[in-house]
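Trainee: Please take me closely through one part of this model: chain C. Start with its neighbour, then stay with the chain itself.

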Amino acid sequence: MQIFTCPFCGPREETEFHFGAEAGKARPEPAPEISDAAWADYLYMNEAPRGRAREIWVHLTCGEFFVMERDTVTREVLTVAALPGREA
Amino acid sequence: MSGWRLPSGGAIDRARPLGFTFDGRQFEGFAGDTLASALLASGTRILGRSFKYHRPRGLWGMGGEEPNAIIDVTDAGVTTPNLRATLVPLRAGLEARSVNASPTAERDCWAVLDLLHRFLPAGFYYKTFMAPDWMRWEPSIRRMAGLGRLDPGNRPPADAVPMNARADLLVIGAGPAGLAAARAAARNGRAVWLVEEAPAIGGALRWRGGAIEGADWEAFAADTAQTVEAAGGRVMTDTTLWGAFDHGLYAAWERRAGRGDRHWRIRAGEVVLAAGALERPLWFANNDLPGVMSAEAGLHYLSLYGVAAGRRVLVACANDAPYAVAGALAEAGAQVTLADARADTPEAPEGVRLLRGARISRARGTREVGAADVDGAHLDVDTILCSGGWTPTVHLFCQAGGKLDLDARRDALVPRPGTAPMQVAGAANGAFGLQAALDEGHRAGGGTGPAPRAAAAADWAVMPMRPDPASGGRQWIDLQNDVTFKDVKLAAQEGFRSVEHLKRYTTLGMATDQGRTANFAGLAALAAVTGRSVEETGTTTYRPPFAPVPFPVIAGPRRGELFNPPRRLPLEPAHRDLGARWRDYGGWLRPATYGEGDEAALAQAEALEARQAAGLYDASSLGKIEVIGPGAAALVDFCNYVRMSTLEPGRARYGFMLSESGVVHDDGVVLRLAEDRFLVSASSSHTASVRLMLEEARQDRFDPRQVFVHDVTAHWTTLTVTGPGARELILGAGIAEEVAALRFMRVAETAWRGVPLRAARVSFTGDLSYELSVPARHGGMLMQALDGARAAVGACWIGLEALMILRAEKGFVLVGKDTDGVTMPQDLGWTGPREKRTDEYLGRRALFTPEARRADRRQLVGLEAEGEALPVGAHAVPLEGQRRSLGFVTSSHMSPVLGRPIALALVEAGNDRLGQEVGIFHLGETRRARIVPACSYDPEGTRRDG
Amino acid sequence: MAERDAMDEREWTNPTPEPGDRIEADGVTVTCEASGGAALVSGDLQAALAELAPGAPLLGLGAEEPDPPAALRLARDRALVISGAPLELRAGWHAGYAVSPADDLHVIVRLEGPRAEEVCRSGIATPLDGGSPCAAVLLAGRPVIATRHAGAIRLRIERPDAAWLWSLLGQLTR
Amino acid sequence: MHDYSAFALLRRGLTGHRGWRPAWRKARPKPAYDAVIVGGGGHGLATAYYLARRHGMRRIAVLEKGWLGGGNTGRNTTAVRSNYFYPESVALYDLALRLYEGLSRELNYNVMLSQRGMLIAAHTPAQMEICARIANAMRLNSVDGELMSGEAAVRRIPLLNQEAGARYRCLGGIWQGRAGVARHDAVAWGYARAASDLGVDIVEGCTVTDLLTEGGRVTGVETDMGTIRAERVGLAAAGATPALAAKAGVRLPIHTYALQAFVSEPVKPCLDTVLLYLGTGTYLSQSDKGELVIGGGLDRVPTHGQRGNLPAQETVLSGLLEMFPPFGQLRLLRQWAGVVDVVPDSSPVIGPAGPEGLYLNCGWGTGGFKAIPAGGWLLAHLMATGTHHEISRPFDLGRFAEGRLIDEAAGAGIAH
């Protein structure tokens with residue numbers, strides 16, 4: 001059982017968290033101008049990096065979405081950060 | 001028959017003899033014995049048969065490493081298979097039975113297999129049993145395999161208790177190194193958890209004895225335990241630390257006599273591993289014969305149980321450790337010869353004949369040891385105690401990612417410092433001597449100043465011992481799985497030279513002893529055969545569990561009532577009083593029907609009564625998510641397929657929540673309670689995910705200070721009244737006229753009998769319906785009032801089964817039942833927003849992929865058929881041409897109000913097929929049905945307003 | 001009752017506990033407490049508390065609850081404001097914060113006695129005294145709000161899960 | 001090649017088994033091949049075998065960074081089956097099952113295919129309806145599938161928990177008689193041996209570090225053993241595939257997760273079929289050795305580490321005991337985790353991608369073992385002909401842009 005750190009609640013057990021997606025994707029809009037390939041790339045394609053990964057997670061008990069950087073092999077958590085504008 | 005009980009000595013209670021049986025024969029031991037010590041004392045040699053060749057096997061070790069003495073134990077009428085005799089405390093009346101032998105270990109009819117051994121080398125089964133077919137051979141092979149027998153009547157209770165704990169310092173193993181570490185740390189004020197697998201602390205001190213700091217070791221151990229507890233720590237015995245997991249989590253299994261075991265999840269700040277070392281066997285021909293034992297185990301049984309392993313004993317070794325057992329056995333009266341492979345040895349213990357530079361090459365005897373060949377000489381012995389060196393118990397270090405180095409002086413793989421987040425001390429680190437263990441433990445525990453002093457010899461070296469490649473006999477490497485040196489050679493010859501391949505091809509190390517005594521030997525043998533070093537050869541991966549752990553310990557209390565429990569209605573007792581029969585619907589326990597009788601008939605009657613008069617049902621499980629704030633309308637718009645920002649306050653609208661892949665995730669009504677306050681309904685099983693989707697959009701896309709999401713489902717009890725008599729019924733219950741007068745898809749927040757009441761004119765049946773919600777504490781009052789008004793209109797309570805009929809008659813979908821994971825809103829006939837909306841919403845782009853634009857998508861339709869209801873799960877097939885699936889029936893009922901079957905189905909280009917006939921295929925039979933619109937009852941909606 | 005057919009659910013023993021229900025066990029007593037009033041409040045929590053429950057502290061995991069009012073923090077911008085009696089609040093938007101009535105959202109379960117902490121730790125892995133500003137936490141996989149009150153541990157669990165918690169505590173306190 | 005038999009065992013047994021040759025040659029890589037396959041698991045080795053056997057290709061190399069079959073081929077619960085919903089899936093997995101049915105004899109290697117049957121067990125009326133939907137789909141797709149009653153299920157699996165206190169009493173489910181288990185290592189070794197006999201170079205301990213391209217064409221791979229030229233490169237490296245494909249600018253819809261499996265101590269036969277229980281998500285069979293081999297859901301944290309996590313163990317094993325209370329007598333002997341490459345629709349990706357000459361066989365998620373012969377057959381077809389086999393065409397990477405997902409979990413309500 002890993003420990004992740006919610007930027008607000010602090011360190012909690014991994015079962016309180018849910019993986020969202022790889023970070024850094026911007027939803028392509030408006031829909032009519034987006035090609036099938038571009039949409040599929042946004043929706044489905046990943047890096048699945050071996051090693052350092054930057055991901056969006058949600059802390060289920062408080063509902064906070066945040067950014068976590070971690071190593072997918074060693075499982076070391078490197079950084080966590082609130083979404084922009086949420087730090088306050 | 002060689003082991004014998006000394007007249008005195010050992011930590012057993014000779015005043016309390018305990019009778020037990022083994023393979024049907026009666027024996028006696030003493031309180032404090034283990035099954036193994038009692039059997040050893042009885043002189044019983046053959047305790048089991050080997051897995052493959054059915055060779056006779058006897059006791060080897062003293063703990064979890066035991067490869068041979070695997071026993072089915074019946075205690076108090078309950079049988080448990082595959083216990084190690086070394087770990088079973090003796091109890092009166094215990095019945096023990098050998099495994100893998102028929103009828104008994106003594107006389108096993110399968111022993112004949114050993115004669116065929118030369119035709120059954122490693123992996124022989126990959127080369128044969130191919131004709132005519134493996135399946136012909138498998139049943140008999142399966143019956144031969146397996147160890148113990150499962151008792152179908154033994155259903156162990158789910159009484160293990162999970163425990164979460166934090167430990168500042170976790171010390172694993174309470175031998176000398178662990179004790180020293182724990183004491184040093186506790187003296188520094190640290191809260192130490194000292195965890196020991198054995199029933200008592202002390203490790204090898206328990207049978208080796210010794211003086212520490214000028215007193216008996218027990219004083220040191222007691223002082224340590226006291227110091228640890230005084231500093232807020234904890235000493236746990238009978239506790240196996242079995243797994244090292246990520247982020248400093250350790251799993252431990254604590255055995256508690258007479259109470260449920262405990263499953264500890266310990267989050268440790270720092271860890272000291274002081275798990276000791278295990279003695280390795282020696283390799284000589286017939287080294288598997290009963291009577292060949294671990295030398296250290298010989299001392300263990302002698303000291304703790306007063307049992308000598310034999311009368312004429314050969315102790316064979318190449319290190320100092322067994323000198324103590326040789327001396328002790330001689331003192332106890334056995335005739336002892338010590339064969340040390342080293343030329344340079346310590347002095348012989350008193351009464352022991354020492355052969356320097358001497359190696360054993362063969363054990364003789366057919367069923368047990370009768371003699372030994374040492375350097376060509378024939379020694380008349382009944383017992384051979386071996387020590388082929390020591391294997392540090394590094395499992396947890398390696399589980400935590402640690403790497404090993406070969407320490408040539410000690411002929412052992414030892415932890416490479418810094419490769420795992422723990423310190424290792426004592427024999428686990430290759431420090432085999434008592435003083436070295438104390439020194440290392442003291443330092444690992446952060447001790448300053450001198451370590452505890454022992455009155456013991458210095459550390460000693462181990463001369464590497466290996467299988468003899470020139471030996472003509474069979475040298476066993478893995479006793480339980482019957483892997484010999486020749487098997488290792490054959491594997492290497494056939495190219496299985498990776499240590500993982502060796503393991504898998506020969507099964508070396510894969511038995512229930514997890515290769516404790518076998519792995520290093522196998523690895524060393526493979527290295528020798530392939531001309532590589534031990535380090536180059538590498539080890540297999542260490543994974544939890546360190547020792548076999550009972551399934552119930554890990555599984556914990558999550559069983560029966562506690563396994564995936566459904567959510568419960570606050571009014572459950574009241575529904576029970578009404579005779580509800582219950583079922584799990586979407587994770588909620590809800591009434592299926594009311595009253596006694598056939599469920600289908602009850603549902604028919606309830607549905608009919610609801611159509612004719614009125615029905616009442618508990619809709620509290622329906623998700624209620626408030627979206628509040630100036631940004632609420634925009635958020636709800638984005639998250640719904642149907643625009644909600646155009647709703648006026650006090651009105652409601654039906655819509656869908658889509659996933660980004662365009663698939664219908666949920667459906668439900670959105671109520672606009674105020675300009676800046678919406679109530680989003682979610683189906684019972686989707687409330688959590690809908691709330692999360694709203695939260696995600698809120699935080700990721702909108703100004704999260706302008707809109708907020710509250711899941712208030714559990715605050716409310718919702719009772720719905722539906723049917724032509726609904727208005728009369730609620731008026732009869734004293735609900736205000738203004739509520740009764742609400743128009744369709746309107747909502748009112750009002751009060752009733754002084755409590756808040758929210759009433760909505762939404763309908764899941766097509767009939768006039770009122771959805772009435774009050775705070776849960778007032779639910780009983782509302783239920784009573786409605787129930788009291790029921791008789792006047794002839795209404796009844798309806799369960800989910802009837803409700804399913806009512807909504808299916810109207811063609812209303814149940815997401816997840818009438819939709820699947822590819823269903824898009826246009827497939828349900830909701831094409832408007834897709835065509836008209838120009839703003840962004842969840843799933844929008846995915847509604848326009850080539851697949852989403854296809855004309856032949858599966859669409860929701862109704863089916864009309866004669867006779868009985870169509871089976872759900874039946875497929876629609878063309879009546880002519882090639883038979884293929886056009887889709888499938890998703891809901892199907894006999895409609896009591898229509899007097900005929902109705903069904904919903906997802907059918908390829910269903911809308912284009914309206915009026916056509918199709919075949920309905922179910923389990924080989926095909927009926928006919930006509931494709932019709934999904935709504936089969938009151939398509940004009942005349943009943944909506946009563 | 002008619003013979004159970006295969007499609008029947010198993011029997012479920014404990015319904016949702018009612019105030020006053022108790023489990024007496026060795027070293028620990030579990031009690032279902034009556035709840036006064038509560039509301040979910042989101043947004044500018046300082047402003048909300050100043051207006052709705054002046055003086056109410058904002059409490060995190062394992063914090064000591066004073067007499068009401070108090071606010072149990074559930075997220076960065078959300079809290080459960082608790083009071084002695086149902087809150088007479090206007091639900092909806094309050095210029096900076098949102099309010100939803102939640103008087104009956106939770107069932108309150110009190111664990112008292114020398115084994116209370118141990119029983120609680122059976123289910124909750126996160127230390128109650130670890131200083132987390134948020135009182136919501138998972139207990140054996142389901143969310144609860146965990147605080148302390150007058151020497152006891154107080155768990156608030158959403159009403160539909162309370163029957164399960166009651167059964168679980170029945171087992172863990174054995 | 002055909003020298004494995006009972007007779008050969010007897011003959012060589014008399015001479016100390018000195019005559020057995022290595023099962024496969026330990027090859028050093030040559031500078032160039034006609035086809036290079038990255039990944040020496042079941043799929044990669046099967047691809048090489050079928051390239052040589054069916055397509056007559058001779059200069060073939062399989063590059064494996066570790067030891068053969070050390071990935072998911074050697075870390076699964078060994079079930080083989082084709083009880084799927086969509087015709088595309090059925091075609092794929094039944095091709096595999098049909099190839100498995102003749103595999104031992106074709107390879108002259110006993111892969112111990114045991115067609116003992118498999119039950120997907122349901123515990124609610126709603127699940128029984130889904131089971132009917134799948135069983136009917138199987139029949140319409142000409143695969144053996146039955147809807148089994150609860151009584152029949154309990155007759156086959158008498159230890160199933162049917163007591164009144166059971167959370168999930170079995171109502172029945174989908175029965176596929178041809179499903180079963182096979183010996184996972186033997187599949188890899190058998191293909192390796194047969195491929196090696198056909199001249200395939202199998203190189204262990206060789207890590208591919210880069211894909212080489214020129215003018216939009218694949219020209220080879222860079223490895224820690226040097227450059228290897230090839231005009232056709234097949235990637236069959238499971239969780240390592242995304243990183244390799246990225247070298248050629250190809251993005252994949254893959255997340256990697258750890259999937260654990262559990263083994264009990266061995267006991268005499270007590271379970272004669274493969275069982276997947278929908279209520280608990282736990283699945284199991286009993287190995288020939290007598291061990292229960294148990295699996296369940298994924299560890300929920302994406303990872304490339306082959307380590308299992310405690311919460312998943314607790315979930316899977318509580319599910320096991322809820323289904324089979326007598327198994328509470330048993331102990332967990334071994335546990336391991338494989339890194340599975342999971343695609344949004346849980347169906348594999350087979351087809352060309354990026355530069356000409358590059359082919360993928362990945363995304364098998366939790367279900368790769370059962371598909372090994374088909375995965376190899378189809379990738380070999382692609383690499384030899386440059387075009388899809390009809391069975392692999394629906395599994396092309398292009399399906400994501402087209403929105404044409406083959407989502408068994410969604411279509412059948414059952415996660416595979």
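Mentor: Start with chain B. Its domain assignment (bounds come from an automatic or database assignment) gives four stretches: domain 1 (161-278 + 392-444), domain 2 (279-389), domain 3 (470-537) and domain 4 (811-932). This is a predicted model, where local features need pLDDT of at least 70 and side-chain atom pairs 80 or more, while totals for chains, interfaces and linings use all residues. Residues are numbered from 1 along each chain as written, and chains are lettered from A and ligands numbered from 1 in the order written.

Take the C-alpha centres of domain 1 and domain 3 of chain B. They are separated by 30 Å. In UniProt, an unreviewed entry annotates residues 473-556 of chain B as "domain: SoxA A3"; such annotations may be inferred rather than shown by experiment. The C-alpha atoms at the two ends of residues 473-556 of chain B are 48 Å apart. Helix makes up 45% of that span, and strand 8%.

Now bring in chain C. Here 34 residues of chain C are in contact (C-beta atoms, placed from the backbone, within 7 Å) with 38 residues of chain B. Look at the chain C side. Five elements each supply at least two residues to it: the strands β3 (37-43), β7 (92-93) and β8 (97-101), and the helices α2 (116-123) and α3 (162-172). These are DSSP runs: helices (H or I) of at least four residues, strands (E) of at least two. Helix α3(C) gives the largest share, six residues. By type, the chain C side that touches chain B has 17 nonpolar residues, nine polar and eight charged. Asp, Glu, Lys and Arg count as charged; Ala, Val, Leu, Ile, Met, Phe, Trp, Tyr, Cys and Pro as nonpolar; the others, Gly among them, as polar.

Next, go inside chain C. Its assignment gives domain 1 (22-34 + 105-172) and domain 2 (37-101). Their C-alpha centres lie 21 Å apart. Within chain C, 18 residues of domain 1 are in contact with 13 residues of domain 2. On the domain 1 side, the elements giving two or more residues are β10 (136-139) and β11 (142-149) of chain C. Strand β11(C) provides the largest share there, five residues. The domain 1 side that touches domain 2 divides into nine nonpolar residues, six polar and three charged.

Put the two surfaces together. Towards chain B, α3(C) supplies the largest share of the chain C side. Towards domain 2 of chain C, β11(C) does so for the domain 1 side.

Note on methods
Contact = placed C-beta atoms within 7 Å.
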